[in-house]
Amino acid sequence: MLRLISADLKKDKIETLAVPVCEDKNIHSDASVAAIIRKAKRLKEFNGKKDQTITLYDLPETTAHRVVLRGLGKAAELDAETLRAFAGKAVKDCIQKDLTALWLAAPDKCPAKTPLSSIVTAMMEGACLGNHRFDRYRRKKEKKPLKSMVFVTTPPTVRKLKSTVSRVSKICQGTTLARDWISMPSNDKTPEQLTRMIVQQAKKQGLKTRVLQEKQLQQEKFGALLAVAAGSRSKPSLVILEHRVAGAKKSVALVGKGVTFDSGGLNIKTGGSMADMKSDMSGAAAVAATLITAARLKTKVNLTGIIPIVENMPSGTAIRPGDIVYSYAGKSIEIGNTDAEGRLILIDAMAYAIKKFKPQLLVDLATLTGACVVALGEKIAGVFSHDDKLAAAITAAGMTTHERCWPMPLPEDYKELLKSDFADLNNISSTRWGGAITAALFLSEFVGDTRWAHIDIAGPAYGKKESAYCGPGGTGFGVRLLTELLEKI
Ligand code: BES
Ligand code: MN
Ligand code: ZN
């Protein structure tokens, strides 16, 4: 539970208070908080340098039993992400101490660079997301999320940001829903099971849902999608989620890669590269969770989610290198490598989205290539679009939510690399270099003149190590980003 209130720290019943502290400037107008900070800074071990912490007990300045101060560094460098991380760490710290509630003092005298509303929003996000734990497979839940998180600020800020509390809660719930799906092991999220879980959550929020099952996929000739699914005992599906708003002027389709496990197929992955492939449905999770969030926020855009769900496995029924299949759009594709499966399911979903829904804008999200991780590392997604304005809108949304995106090129002449000797296209490039680009170019062959962007989230979708406001596992990357994008375009 999240609350935003103005409070008297000398009267209200408080167990734990977290206070963010800059090393060179006081950013709190509350007299009690300012006095506590002065006291802490008189101690040798604390001066507000980044991530320094000190806990003070039973202070006369407040009824709080303990005050945890944490350094933020220099005030001029303070940004929303620093406060998001501050709140996440403060919450995680309390969880480790088996506490159940936390009060956080929101700064209200920050340098002009970041507006107060972004600071408070970011803090609430960090706390909400930091309070999420994926522990459904532990028999004994040793650590429990906090039951209550209270943000303390001035009365005008409380009035101004009244609606923000429920908004942030909904967006973070969407993000943690995606995280849970991503972290769940593949033996519990076969395509059938993931399909069911998504439809169930979507229905609960009043979204219109439709599932194309294997038989319909065969009838409607989703040849590329079916080719990927052929090796698995589990049946593929195409999930369609619709959020409709009366009088909406914009229509957007989101497509998300849903490979519940990517073994590579007959071109089987080797060494450690198969390890985290349960996360190969992160695009699907983000798209489904974004639609669910849009329904809860009543976002004023006609939004359609198209989610192809398959498992990529080797077996006697699997597709082979050299096989040629026909995609939904009709183009023939030579399977150069069965491990380049994401693009195969995406082109069928994208062609279907365009044919059936004619969206003004199409965005696909996919853990598509290891090459994108090589290019941008594990924390930044690659954005590919012929439309520079759209790419800029996506990177701007990512700056706001700190889901960083970087624009990547779609060079026309590289299309050469996707030529096949026998079919219209090969699903892999003839060179090993520039794999994220050739994958995106492959997708671009199926979007016609629809305004389109592809976001390769292979790096940031999953984290082996925990971070300030995320545990190990799925990050939910894309949910806050797309939600922000939908409100800005
Ligand atoms: N799911 C992988 C991409 C991936 C790699 C995601 C690492 C997350 C972390 C994708 O299906 C894949 O296997 N791509 C191949 C493409 C190659 C065969 C052209 C790759 O990146 O090696
Ligand atoms: Mn693969
Ligand atoms: Zn994959």
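**Burial and charge pairs in a predicted model**

Reader: What is the relative accessible area of Glu-23?
Author: The model is predicted. Partly exposed means a value between the cut-offs for buried, under 20%, and exposed, over 50%. Glu-23 counts as partly exposed because its relative accessible area is 26%.

Reader: Which residue forms a salt bridge with Glu-23?
Author: Side chains of opposite charge can pair when their charged atoms come close. Here the closest N and O atoms are 3.9 Å apart, and the cut-off is 4 Å. The partner is partly exposed, at 40% relative accessible area. It is Lys-74.

Reader: How many residues apart in sequence are the parts tied together by Glu-23 and Lys-74?
Author: Glu-23 forms a salt bridge with Lys-74. Glu-23 sits in the loop between β2 (16-22) and α1 (31-41), and Lys-74 in the loop between β4 (66-73) and α2 (80-96), so the pair ties together parts whose separation in residues is 51.

Reader: Which helix holds both Glu-81 and Arg-84?
Author: Their side chains meet in a salt bridge, 2.7 Å from N to O. Both residues are buried. They are three residues apart, about one turn of the helix, and that helix is α2.

Reader: Which residues are linked with Glu-81 and Arg-84 in a network of salt bridges?
Author: Glu-81 and Arg-84 pair with each other. The network also takes in two other residues: Glu-125 and Arg-480.

Reader: Asp-262 and Lys-269 meet in a salt bridge; what is the N to O distance?
Author: Asp-262 is buried, at 3% relative accessible area. Lys-269 also counts as buried, because its value of 17% falls under the 20% cut-off. Their side chains meet at an N to O distance of 3.8 Å.

Reader: Is Lys-358 buried or exposed?
Author: Lys-358 lies in the loop between α10 (342-357) and β14 (361-366). It joins Arg-210, Lys-355 and Lys-356 in a positive surface patch. Its relative accessibility is 63%, and the cut-off is over 50%, so Lys-358 is exposed.

Reader: Which backbone nitrogen lies 2.8 Å from a polar atom of the Ser-420 side chain?
Author: Ser-420 is in the loop between β16 (405-408) and β17 (425-426). It is buried, at 13% relative accessible area. Its side chain reaches the backbone nitrogen of Phe-422 at 3.0 Å. The 2.8 Å contact is with the backbone nitrogen of Ala-423.

Reader: How many of the ten residues of helix α13 are buried?
Author: The helix spans residues 435-444 and is largely enclosed by the rest of the structure. Its buried residues include Gly-435, Phe-442 and Ser-444. The count of buried residues is ten of the ten.

Definitions and conventions: Residues numbered from 1 in each chain as written. Chains lettered and ligands numbered in written order. Predicted model: local features only at pLDDT ≥ 70, side-chain atom pairs only at ≥ 80, totals over all residues. Heavy atoms only, no water. Patch = residues over 30% accessible without salt bridge, like charges linked within 9 Å, V, L, I, M, F, W, Y side chains within 5 Å. Areas by Shrake-Rupley, 256 points an atom, 1.4 Å probe, with all protein chains shown as cover. Lys, Arg positive; Asp, Glu negative; His and termini not counted. Charge placed at Lys NZ, Arg CZ, Asp CG, Glu CD. Helix = DSSP H or I, 4+ residues; strand = E, 2+ residues; numbered from the N terminus. Buried < 20%, exposed > 50% of the residue type's maximum accessible area, 1.4 Å probe, protein only. Polar contact = N/O pair within 3.5 Å; in protein donor to acceptor, adjacent residues only side chain to side chain.
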